[in-house]
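Thanks for coming, everyone. I'd like to walk you through a structure that may be new to you, so let's put it up on the screen.

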Amino acid sequence: MKNDKQLWELITSNLYRENSNDEQSELDKQLQSKKRNEKLNDSVHSLHVDILATNDLRGFSKEKSWNNIRKEVLRKRMLRFLNVAKYAAIVIVSFLLGTLFLQKAEKGTSIAEIRVPLGQMTELTLDDGTQVWLNSGSTLKYDTKSDNERLVTLEGEAFFDVTKNGTPFKVFFKDAAVEVLGTRFNVIAYHEEPISQVTLVEGKVNINRRSTLTKLHPSEQITISDKHKNMRIDKVNTDFYVSWTEGKMVFEEERLVNVTKKLERWYNVEIRFTEESVKNLYFCGTILKNKPFDQIINAFELLLPVKIQYKHNLHSKDQVIISKR
Amino acid sequence: MKESELWKNVHRGDVDALKILHGKYFFSMCLWAKDAVADDELVERVVSDCFIALWENRKRIQLRSSIKSYLFQMLRNKLIDVYRSRDLTTQYVNELPDVCLEEQVDLKQHYVKLYETILLLPEQRRKILEMAAFEGMTYNEIAEKMHISKNTVKTQIARAYRFLKENLDPGDFYLFCILHKK
């Protein structure tokens, strides 16, 4: 065994030319003494050549490679899981909504509520086929159960295209209501504004407020002040009140302050004036909602004697300051 | 576990089976690809990609021959893609060895086995061997670097070779045992 160890050390040291002269002659002696030793020497030599060849593999890491593969496999699994979970979530939510409605229906009422965030617009079709376009920052509630009446409550602006089916359709807003059978009309009733407006495009509607009924004819617009009892009826170009449903706003000789009020909701920004006189400038033109906001302010600067400053805020609405040029 | 069994498990979605396959062929695929692409990092990525692709497409893959030749064929195709994407001359592609020649792969397998056995050496011994064999350091230099005597270096080198020889000779049942214990 001792000899064995010595022989191995002599053979391997020889591979690296690390034997002294004495050691080298000792190795030669041992190799010549036994055929077995020589055979061992030969096989260690070929082993050595092979070891040197494995140098090619030293640049690779099996662990690193596997970690990358595993990460990818897990990522794909997670993606697939999320994909399935997405549908599962939809099913669960619709199931919950379903049971919610069912429970309410059993009690006799079931109010659905649609809220449109600022800067967004939505279009929906009610059970009876009536189409409703809801403008930015509006909320619509409707009773999905009632059989002999169709009742909706509006906060904000909506355009209604009511399907005629024999039962009255009522829109409640603020302290008034519009009663119709089947027509197209627009209602503006934002809480933060002191007036509401109903504009009739076609058909016939009744405005019911404080137990007085007022009839409106096509192209007529009624303006209701929150504070006063009196109401005003004007003939208007109804295009403006329809066009927003198509993503555009047509202004004909409109005061800038009224234009900016719309823009504030539409683009979810805050618009301020540095001088009162600027508010009363008149603006004519069509604004397309799908156009970026900066294009619109550029147009203002081009058409009106104003200077516009845009402040981007991270945690609150962006601010637009309009001043005299 | 048999190859066919292993593939069946991968096919079924068993990540551990994929890991075994990877462990089995990673080095030989790298070595084989290294003949075509000199960049180790790129080779490793391409080889890793083969296993990722195998996993992703496992449901669709119909093996006509062995999983081994499928992997190498995939590797070959991916290397060709690498050449094309880098807009390198495709001349070399034609020189890529044909994978159908299993001996080509098995020849590499011999070095892989040796290298994996080197990795089984105790860490210090392996380091000493690597310094001598791959970094061309003398026994004295190694001794100094490792804070050991020259004599210890000599002993460690001898033991390393002995370990490798004993574990690689035909009928290497011992190696079989330790590899599977790991």
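**A walk through the two chains**

Let's start with one residue: A:Asp226 is partly exposed, with a relative accessible area of 29%. One thing to keep in mind from here on is that this is a predicted model.

So what does A:Asp226 form a salt bridge with? The partner is A:Lys174, and the closest N and O atoms are 3.1 Å apart. This pair ties together distant parts of the chain: A:Lys174 sits in the loop between strand 6 and strand 7 of chain A, A:Asp226 in the loop between strand 12 and strand 13, and the two are 52 residues apart. A:Lys174 is partly exposed too, at 30% relative accessible area.

Right beside that in the sequence we have A:Ser225, found in strand 12 of chain A, residues 220–225. Is A:Ser225 buried or exposed? Buried, with a relative accessible area of 16%. If you skip the neighbours within four places in sequence, A:Ser225 is in contact with A:Pro194, A:Ile195, A:Arg209 and A:Asn230.

Staying in chain A, here's another pair: A:Arg184 forms a salt bridge with A:Asp161, with 4.0 Å between the closest N and O atoms. That one links strand 8 to strand 5 of chain A, with A:Arg184 and A:Asp161 lying 23 residues apart. Both ends are partly exposed, A:Arg184 at 22% and A:Asp161 at 24%.

Now have a look at helix 8 of chain A, residues 293–303. Its buried residues are A:Phe293, A:Ile296, A:Ile297 and A:Phe300. Looking down the helix axis, those residues fall within an arc of 95°, so they line one face of the helix. The general idea is that an α-helix has 3.6 residues a turn, so residues three or four places apart point the same way. And what covers the buried residues of helix 8? The cover includes helix 6 and strands 15, 16, 17 and 18 of chain A.

Over to chain B. In helix 1, residues 3–12, the buried residues are B:Leu6, B:Trp7, B:Asn9 and B:Val10. Here the arc is 160°, so again they line one face of the helix. Helices 2, 3 and 4 of chain B are among what covers them. After helix 1 comes B:Gly13, whose phi is positive, near 105°.

Chain B has its own salt bridge within a helix, between B:Glu123 and B:Lys127, at 3.5 Å for the closest N and O atoms. They are four residues apart in helix 7, and are therefore separated by about one helical turn.

Last stop: where the chains meet. How many residues does each chain give to the contact? Chain B gives 45 and chain A gives 39. About 4,000 Å² is buried between them, and carbon and sulfur atoms give 66% of that. On the chain B side, B:Phe134, B:Tyr161 and B:Arg162 lose the most area, together 18% of what that side buries.

The interface also has seven salt bridges, and one of them joins B:Glu130 to A:Arg58, with the closest N and O atoms 3.8 Å apart. By class, the chain B side has 25 nonpolar, seven polar and 13 charged residues. And B:Arg162 turns up again, in a network of salt bridges with A:Asp4, A:Arg36 and B:Glu166.

Terms used
Residues numbered from 1 in each chain as written. Chains lettered and ligands numbered in written order. Predicted model: local features only at pLDDT ≥ 70, side-chain atom pairs only at ≥ 80, totals over all residues. Heavy atoms only, no water. Contact = heavy atoms within 4.5 Å. Buried area = accessible area lost by both parts, 1.4 Å probe. Salt bridge = Lys/Arg side-chain N within 4 Å of Asp/Glu carboxyl O. Nonpolar A, V, L, I, M, F, W, Y, C, P; charged D, E, K, R; others polar. Buried < 20%, exposed > 50% of the residue type's maximum accessible area, 1.4 Å probe, protein only. Arc of directions from axis to C-beta.
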